[in-house]
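Work through these exercises with the model open beside you. Try each task before you read its solution.

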Amino acid sequence: MKKTIFYAVVLFLIMIGKSTSQIVRKPVTEEDYKLWSTVEPEQISDFGNWVSYSVAYESGQDTLFVRHTKTLKTYSIPLGTNGQFASEKYFICQNDKGQLITTQLANGKVQKTEKVTAYKISQEGNFLMFMVNTKDEKQDLIIKNVKENQQKTITNVTNFSYNATAKALICDSNKKLTIINLDKSSNTKVIEESIESNYSDFAWQKNGESVAFLYNNKGITLGQYKVKENKLFNLNPSLFKDFPKDTGIYNSSFTALTISDDGSKIFFGLKESNAEKIPTGIQIWNTADQALYPYLQIINNWKAVPKLAVWFPQASKFKMLTNDKFPFAMVTGDYQYILKYNPLTNDPQFDYNAPIDFYLTNIETGQTKVILTKQSADADKIMVSSAGKYIAFFKDKNWWLYDIKKEVYRNLTKVSTVSFEREDYDRAGEIEVCGLAGWTEKDEEVLIYDNHDIWLFKTDGSNSKRLTNGVNEKIKYRIVPQNEANKVAINFSWMNKGTFKLSDNLVFQAKSNGKSGYFKWQQSNGITEIVWSPNRINNSKFANKNDICFYTSENYNSPPQLIVKRNNKANIIFKSNTQQEKFQWGFSKLITYANSKDEVLNGALFYPANYNPEKKYPMVVQIYERLSDYYNKYFNPTVQNSTGFNVSNFTSQGYFVLLPDIVKEQGKPGASAVDCVVSAVKEVVRNESVDPKKIGLIGHSFGGYETNFIVTQTNKFAAVVSGAGESDMISNYFAVAWNVSKPNGFRHEFQQTNIGVSPFENNEAYIKNSPLTFVSQIETPLLLWSGVEDKQVHYFQSLEFHLALRRLQKPNILVLYENEKHTIVKKENQVDLTHRVQQWFDFYLKEESKPDWLTADKL
């Protein structure tokens with residue numbers, strides 16, 4: 001009955017469309033793919049009067065647009081990039097010709113400056129700073145007061161850095177440090193005592209009172225300049241007996257040049273000279289080694305890893321913070337302590353990472369104590385707080401705080417009745433957490449996620465509050481960062497979570513089974529809706545000075561639109577791919593089905609273009625764990641696909657496409673895939689116009705493994721494509737994961753493959769889940785492909801499967817792409833793979849002509 005009603009509705013809509021518009025839509029062909037573009041929202045001005053967005057084509061003819069959010073007045077900049085608004089008056093960007101383009105938004109007047117390599121806008125938008133190449137192959141720094149239309153030239157500059165708090169910039173002019181105060185008519189001060197050199201890697205103190213830098217003085221060295229005090233400090237290694245010899249300053253993400261908030265400490269990196277181990281031509285692998293030979297070669301007893309040091313310029317002190325015993329560290333938010341560790345301490349073991357012992361060291365005194373042993377190496381399960389009072393960690397299913405000053409441990413979530421571990425996690429090993437969102441000011445609270453909601457916990461343990469009601473609404477809420485302070489940031493070898501002001505509006509992204517959008521949270525009013533839609537809502541940007549929101553909205557049969565919402569009214573700013581109206585196109589829906597264990601699952605079902613419910617259509621099923629969330633995503637048709645498959649290519653060619661969810665039972669990844677996929681296919685065949693004899697299956701990576709296994713267990717599919725998939729669990733378990741130089745068994749015992757034990761504990765599980773075990777049962781034509789340089793799933797896995805099928809004389813083609821890795825990157829190879837996948841399914845599912853490359857002995 002439901003099927004009949006659905007068909008009737010579809011036919012009614014088709015007839016209405018014909019009678020009212022009489023639009024004759026043509027099929028999409030490969031020649032038409034070039035008409036499709038991708039739109040990206042870029043910026044919104046402070047008061048939300050203007051937005052910028054880019055429209056990109058595969059041909060490279062990209063354009064940056066600037067549009068008024070009320071009048072829709074529009075400016076376009078061909079091949080424009082790196083655009084920013086200067087208040088509400090100017091829009092500034094660069095283009096591929098090395099030009100800096102300044103557009104006056106009121107009248108559209110454009111000024112182009114040639115040979116610009118970099119630029120910066122002051123926070124209030126009054127000053128524009130940019131570097132220009134000169135005729136003598138040097139660079140000048142131009143500082144332009146856009147408000148008064150005046151500019152100053154600083155000659156022979158190699159680097160500059162602007163600080164909004166100080167309202168100043170620093171540069172090296174004619175090999176001398178130079179400070180320009182933008183708040184005082186661009187007052188310029190040359191620091192005469194600075195050594196003649198090129199300066200780089202400027203790092204400002206948070207409040208702008210000082211800046212650190214690197215320069216070359218018979219080798220790279222370090223300095224600090226105190227702006228208000230007009231004092232210059234230069235590091236002299238010879239003054240410190242404990243300064244390690246045969247080392248050089250090394251600036252990397254692990255050892256980034258950093259100033260403490262009070263300006264008293266400069267953190268920097270040192271690396272041993274010639275620290276890389278020279279190969280001898282002889283390899284010695286020892287089972288007692290903490291890591292595999294290639295990994296040990298890379299780290300060279302940790303000598304190849306840059307170490308973290310600290311310099312106290314005013315106190316004239318120096319200390320090493322990490323060493324070969326403890327090569328990594330993160331620094332507490334108050335810069336008083338480091339949390340250091342060695343990731344190999346508890347190796348050898350057989351997960352991806354060993355649990356870690358963390359040591360807390362007082363930077364001033366050097367006093368050290370171990371505070372956590374065998375703590376998870378998951379970066380989401382341990383972090384320092386923003387203000388430096390606490391170390392948060394997840395252990396024994398609870399979030400804990402270690403109070404650094406009081407030296408006490410506090411279980412924050414022990415009285416909570418909710419789980420903070422992911423309920424949808426179906427991999428072996430330790431369960432991932434939902435996450436810690438960040439901290440409030442002064443570390444007074446911490447924001448923690450459960451599976452649906454956002455919780456606010458007092459760090460003293462006195463109280464907790466749930467900010468959302470997702471568990472009852474069946475909505476998942478997560479915080480959207482609104483400024484730099486909110487964002488996740490690198491903390492040397494670890495990551496820091498952001499800091500949030502509860503007095504500001506918090507923005508939450510929300511998703512449910514069928515809707516998505518954004519909500520605003522206020523201390524006084526709680527949570528209120530910004531946008532909540534069946535469409536796919538994404539890419540939100542908010543004006544700094546008000547609540548105007550800029551976001552994208554799309555679904556499969558409606559290309560992405562850019563929308564601005566102000567005063568509860570949504571206005572469409574731009575519609576992408578309007579040419580779609582001229583073509584036949586499909587539509588999609590979210591389906592529900594159950595596997596044999598009565599677990600309710602979802603799938604994304606895409607209907608063929610120009611759908612006629614009276615016809616029977618072929619269908620291609622694409623698999624990789626859970627994919628149903630893509631049901632309302634818009635897919636541009638293209639031949640540039642990194643795995644050879646594209647939903648819209650196939651719907652445009654008269655196919656249904658199904659993306660089902662797969663849940664894995666531990667120890668049974670193969671059987672789980674068969675169960676879920678076959679159940680989904682049966683549900684679709686039962687309710688839709690799909691020809692049950694013309695169904696194809698495709699997967700890549702773990703989806704390639706699932707595909708390889710499924711084709712050995714059922715003849716439900718008429719043709720199959722598997723890319724970079726595992727075929728033999730035993731050989732793959734005992735391989736090296738060359739992309740990380742670790743034993744590959746961690747994937748099976750502790751991660752995605754979900755076996756949960758080694759072959760020595762349950763060899764039968766590995767045999768029963770290996771596609772190679774059942775290869776003789778394959779009766780379906782199978783196309784395999786892989787990259788020869790794939791270091792994640794070695795191409796030997798595809799080759800083994802091919803050789804087994806060859807020995808059994810079963811139909812199989814193996815396509816290997818030289819100089820390609822786990823996915824296909826080169827355009828010509830993407831096109832080749834896309835064509836082969838399309839031709840494979842067209843031949844077997846639509847009985848089209850046989851492509852030449854399927855003929856034996858034809859190269």
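**Exercise 1.** Locate Ser87, describe its phi, and decide whether its side is buried, partly exposed or exposed.

*Solution.* Step one: find the flanking strands. In this predicted model, Ser87 sits in the loop that links β5 (81–86) to β6 (90–94). Step two: read the backbone. Ser87 has phi near 55°, which is a positive value in a residue other than glycine. Step three: apply the cut-offs. Buried means under 20% relative accessible area, and exposed means over 50%. Ser87 has 23% relative accessibility, so it counts as partly exposed.

**Exercise 2.** Find the loop that holds Asn610 and state the sign of its phi.

*Solution.* Start with the strands. Asn610 belongs to the loop between β50 (600–606) and β51 (617–623). Now check the angle. Phi of Asn610 is positive, about 55°, although the residue is not a glycine.

**Exercise 3.** Which kind of peptide bond joins Asp347 and Pro348, and where does Pro348 lie?

*Solution.* Look at omega first. Its value is about 5° for the bond between Asp347 and Pro348, and this bond is cis. Then place the proline. Pro348 is in the loop that runs between β27 (337–341) and β28 (356–362).

**Exercise 4.** Explain why strand β15 is described as largely enclosed, then name its pairing partners.

*Solution.* Begin with burial. Strand β15 covers residues 176–181, and 5 of its 6 residues are buried, so the rest of the structure largely encloses it.

Next, take the β14 side. Strand β14 (residues 168–173) runs antiparallel to β15, and 6 bridges join the two. Within this pair, Cys171 stands opposite Thr178 of β15. The hairpin of β14 and β15 has 2 residues between the strands, and Asn174 there takes a positive phi near 50°.

Finish with the β16 side. Strand β16 (residues 187–190) pairs with β15 over 4 bridges, again in the antiparallel sense. Here Ile179 has Lys189 in β16 as its bridge partner.

**Exercise 5.** Which residues make the nonpolar surface patch of about 260 Å², and is Met495 buried or partly exposed?

*Solution.* List the members: Val488, Ile490 and Met495 make the patch. Place one of them: Met495 is in strand β40 (residues 494–496). Now test its exposure. The relative accessible area of Met495 is 34%, so this residue is partly exposed. The patch rule asks for over 30% relative accessible area, and the 34% of Met495 fits that rule.

How values were computed:
Residues are numbered from 1 along each chain as its sequence is written. This is a predicted model: local features need pLDDT of at least 70, side-chain atom pairs count only at pLDDT 80 or more; totals for chains, interfaces and linings use all residues. Side-chain values use heavy atoms; hydrogens and water are left out. Buried means under 20% relative accessible area, exposed over 50%, partly exposed in between (1.4 Å probe, protein chains only). Patches are made of residues with over 30% relative accessible area and no salt bridge: like charges are joined within 9 Å, nonpolar side chains (Val, Leu, Ile, Met, Phe, Trp, Tyr) within 5 Å. Accessible areas come from the Shrake-Rupley method with a 1.4 Å probe; for residues, only the protein chains shown count as cover. A salt bridge is a side-chain nitrogen of Lys or Arg within 4 Å of a carboxyl oxygen of Asp or Glu. Two strands pair if DSSP finds at least two bridges between them.
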